[in-house]
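Biologist: I'm new to this one, so could you walk me through it and tell me how you reach your conclusions?

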Amino acid sequence: MNPRFSSDRKHRFLCLTFSLAMAAFTGLSTLASAPRTLILRDWGGVRIIEQNGQIQVEITTENQTRIAAIAVIDSDARVRQAAVRKLSDQPVLAQIAQQDPDLNVRLAALERVTDETLLESIDKAVTETDIRASATRRLTSADDLMVLMSDPAARVRTAAIEQSNQQALIRMAATSDPSPEVRATAVRRLADLNAVSEIARKDSSAWVRREAVERLADQSQLSNAVVKDPSPEVRAAAVLRLANADLLDRLAVADPDARVRANAVIRITNLSRAEQIALQDRSPEVRAASLGKLSGPLRFFEERAQNDKAPEVRRVAVRRVTNQLLLARIAQSDGDPEVRAEALRGVQDLQLIESVLEKDPDPIVRRQAVELLGKFRNLDLVALHDPSPAVRAAATRRVHQQSLLQRMAREDPDWSVRMAALQRVNEQRVVEEILRNDPSASVREAATRMVANETLLRSVARPARLMSAHRNPNPDVWIITGTLLRTDGSSFPKQKVALLGVDQDTLMSPNCQVCPELPTVETGVDGSFRFELQRDGLEPGRIFTLAVRLEDRYLPLLRNGHPLTLRPETRRGTASLGSLTVAPRDTVIAVPP
């Protein structure tokens with residue numbers, strides 16, 4: 001019986017069963033299955049509810065500064081991911097896409113980055129160390145983690161701390177590791193709350209102190225941090241756990257730092273004070289936070305959505321607007337693309353949304369249109385042809401055809417689109433191929449989260465066994481790698497691959513028995529192969545073709561249905577060819593006689 005019902009209500013219900021036995025039986029069944037809701041957290045702009053075993057996370061603040069703080073520093077990856085989905089600050093999203101330890105959070109942030117310069121910077125920021133750290137998070141062996149906790153790279157040590165359950169090592173890292181990133185991660189996992197309190201007072205890094213303050217519950221310690229800590233970020237974090245109503249009211253109006261005022265606004269209960277702040281505070285972030293506290297009347301939000309000078313305030317206000325004509329007008333005419341996108345979310349006219357997808361010049365708005373149309377329209381053409389990588393990636397996340405997803409994961413020129421396609425690819429063979437061959441460190445790092453082969457993961461994680469297919473330390477050697485597949489997509493193992501010199505003006509006879517060629521290599525069990533050629537033996541301008549010899553014929557290898565030809569690269573590096581297939585048997589290759 002549900003405990004929310006009082007005993008006299010139970011009595012009345014049971015009386016009803018005396019006269020209506022069948023109805024009572026039905027009532028008892030309904031009562032027994034009534035949803036059980038447990039509030040796990042409801043402070044700091046975050047509400048976490050458990051209902052019938054399902055966890056729901058809601059970001060209850062509209063303050064973009066506070067949402068950014070949640071997205072960056074909250075210890076719960078589910079909360080950070082929910083915050084990212086409400087965040088609009090492009091540089092902060094780019095930072096999260098680069099640095100968050102949780103892949104799902106990074107992907108959520110990546111979905112919302114539309115600035116192509118930032119997208120490029122995200123990819124360039126991912127290093128081999130990040131890939132090693134990602135592989136480390138997939139390891140479970142205590143011995144492996146112990147070794148990696150002493151790794152010279154802070155990012156790898158951080159990953160090892162996240163995986164470890166050894167409190168002695170976690171405490172040592174929290175108090176003595178030279179890297180603030182490692183100490184902050186260890187503080188989140190430290191069970192000794194006395195040590196956490198000491199770190200909140202004494203650590204030299206504001207980042208680490210902020211992480212410690214996030215775990216404090218003692219009101220005197222929180223008040224001390226609010227008053228004495230020199231860092232506004234630490235004070236803002238402490239405010240979110242503060243319960244002193246008078247102090248919160250004073251901070252919401254008078255604190256010199258907008259972050260502290262905004263967080264205090266989130267915590268105050270005086271709605272008349274919140275309305276005053278929404279109209280008068282000099283900071284758009286604080287006005288937006290105050291607006292998020294209010295519930296009406298609707299005309300107040302309509303006025304703010306049209307007339308506030310700050311787009312971040314208009315964006316918060318337009319979320320409360322229900323008038324379809326006003327939403328349509330704002331979605332097509334507001335000068336700020338994020339306000340237009342927010343208004344578009346409330347539009348119910350699918351034809352208008354399609355028109356915006358075709359005509360709006362800003363990828364932020366077109367991406368929003370894609371998200372709204374995804375349940376109702378086929379977006380394959382948008383995924384293939386929109387000029388914005390962010391829009392193509394958003395559309396790719398709504399593609400269902402595996403052959404198209406595999407094609408995009410291998411071929412799209414932008415790494416973020418390939419990443420989006422990779423997340424929807426089902427075949428381990430394709431994922432492993434991308435881990436070995438994709439030119440983007442970001443995509444390869446994501447592939448480590450999807451690969452099931454622990455031997456491959458270990459080879460990526462341990463420094464002595466780093467994959468070498470993406471690096472060529474010897475500038476005198478040209479490395480060519482690829483994977484040979486049959487036309488049905490299965491691997492082609494133990495097949496000799498030849499690199500043939502080609503003269504464009506001559507053709508090879510189908511029954512050529514002795515043809516000039518460089519040494520052959522044999523494919524492995526997964527169809528992969530690797531050539532290493534000395535550059536000093538290569539003639540400038542010479543063309544090569546990869547082929548296999550079956551019976552008396554050389555058959556060219558194809559990539560995307562086209563014969564594969566190569567020229568020696570002039571820069572150091574590796575020619576990573578991806579997947580290749582064998583040409584039809586009636587095809588012969590052009591080689592010198």
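Modeller: Sure, and a good place to start is helix H10, whose buried residues are Arg 155, Val 156, Arg 157, Thr 158, Ala 159, Ala 160, Ile 161 and Glu 162. Keep in mind that this is a predicted model.

Biologist: What makes H10 largely enclosed by the rest of the structure?

Modeller: Helix H10 spans residues 154–163, and 8 of its 10 residues are buried, so the label fits. The cover over those buried residues includes H5, H8, helix H9 (142–148), helix H11 (167–176) and helix H12 (180–189).

Biologist: And how many helices and strands does the protein have?

Modeller: There are 33 helices and 12 strands. The protein has 593 residues, of which 51% count as buried. Its accessible surface is about 28400 Å², with 50% of that belonging to carbon and sulfur atoms.

Biologist: Which residues touch the most other members of the largest nonpolar core?

Modeller: Val 213 and Leu 344 do, in a core of 142 residues. If you skip the neighbours within four places in sequence, Val 213 is in contact with Ala 200, Leu 222, Ala 225, Val 234, Ala 237, Ala 238 and Arg 241. A second, separate core has 20 residues, including Phe 492, Leu 566, Leu 577 and Leu 580.

Biologist: Why would nonpolar side chains gather like that?

Modeller: As a general tendency, nonpolar side chains in soluble globular proteins are buried together.

Biologist: Now a single residue. Why is Gln 81 called buried?

Modeller: Buried means under 20% relative accessible area. Gln 81 has 17%, so it counts as buried. Gln 81 sits in helix H4, residues 77–84. Beyond its neighbours within four places in sequence, Gln 81 is in contact with Asn 104, Val 105 and Ala 108. Gln 81 and Asn 104 are 23 residues apart in sequence, and their C-alpha atoms are 7.1 Å apart in space.

Biologist: What about Lys 228: why is that one called exposed?

Modeller: Here the cut-off is over 50%. Lys 228 has 62% relative accessibility, so it counts as exposed. You'll find Lys 228 in helix H15, residues 219–228. From C-alpha to C-alpha, Lys 228 and Arg 201 are 9.6 Å apart, with their places 27 residues apart in sequence.

Biologist: How do you know whether Asp 438 is buried or exposed?

Modeller: Set its value against the same cut-off of under 20% for buried. Asp 438 has a relative accessible area of 4%, so it is buried. Asp 438 lies in the loop between H31 and H32. The C-alpha atoms of Asp 438 and Ala 409 are separated by 9.1 Å, and the two residues are 29 apart along the chain.

Biologist: Ala 409 belongs to which helix, and what does that helix pack against?

Modeller: Ala 409 is one of the buried residues of helix H29 (residues 402–411), along with Leu 404, Leu 405, Gln 406 and Met 408. The buried residues of H29 pack against helix H27 (380–385), helix H28 (389–396), helix H30 (415–422) and helix H31 (428–437).

Biologist: Let's turn to the empty spaces. What makes a space a cavity rather than a pocket?

Modeller: A cavity is where a 1.4 Å probe fits but cannot get out, while a pocket is open. The structure holds 3 cavities of 30 Å³ or more, and the largest cavity has about 190 Å³ of space. Its lining has 20 residues, and Ala 97, Gln 98, Arg 106, Val 126 and Glu 445 lie nearest its centre. Two or more lining residues come from each of helix H5 (90–99), helix H6 (103–112), helix H8 (128–136), H30 and helix H32 (441–448). H6 gives the largest share, 4 residues. By class, the lining of the largest cavity has 10 nonpolar, 4 polar and 6 charged residues.

Biologist: And how is the lining of the second largest pocket divided by class?

Modeller: That lining has 4 nonpolar, 3 polar and 13 charged residues. Nearest the centre of the second largest pocket are Arg 85, Arg 112, Arg 345, Gln 368 and Glu 371. H6, helix H24 (337–345) and helix H26 (363–373) each supply at least two lining residues. The volume of this pocket is about 470 Å³.

How values were computed
Residues numbered from 1 in each chain as written. Predicted model: local features only at pLDDT ≥ 70, side-chain atom pairs only at ≥ 80, totals over all residues. Heavy atoms only, no water. Buried < 20%, exposed > 50% of the residue type's maximum accessible area, 1.4 Å probe, protein only. Areas by Shrake-Rupley, 256 points an atom, 1.4 Å probe, with all protein chains shown as cover. Core = buried A, V, L, I, M, F, W, Y, C linked by side-chain atoms within 4.5 Å. Contact = heavy atoms within 4.5 Å. 1 Å grid on protein atoms, 1.4 Å probe; cavity = no way out; pocket = protein on both sides within 12 Å on 5 of 7 lines; lining within 4 Å. Points joined across faces, edges and corners; volume = space filled by probe spheres on them. Nonpolar A, V, L, I, M, F, W, Y, C, P; charged D, E, K, R; others polar.
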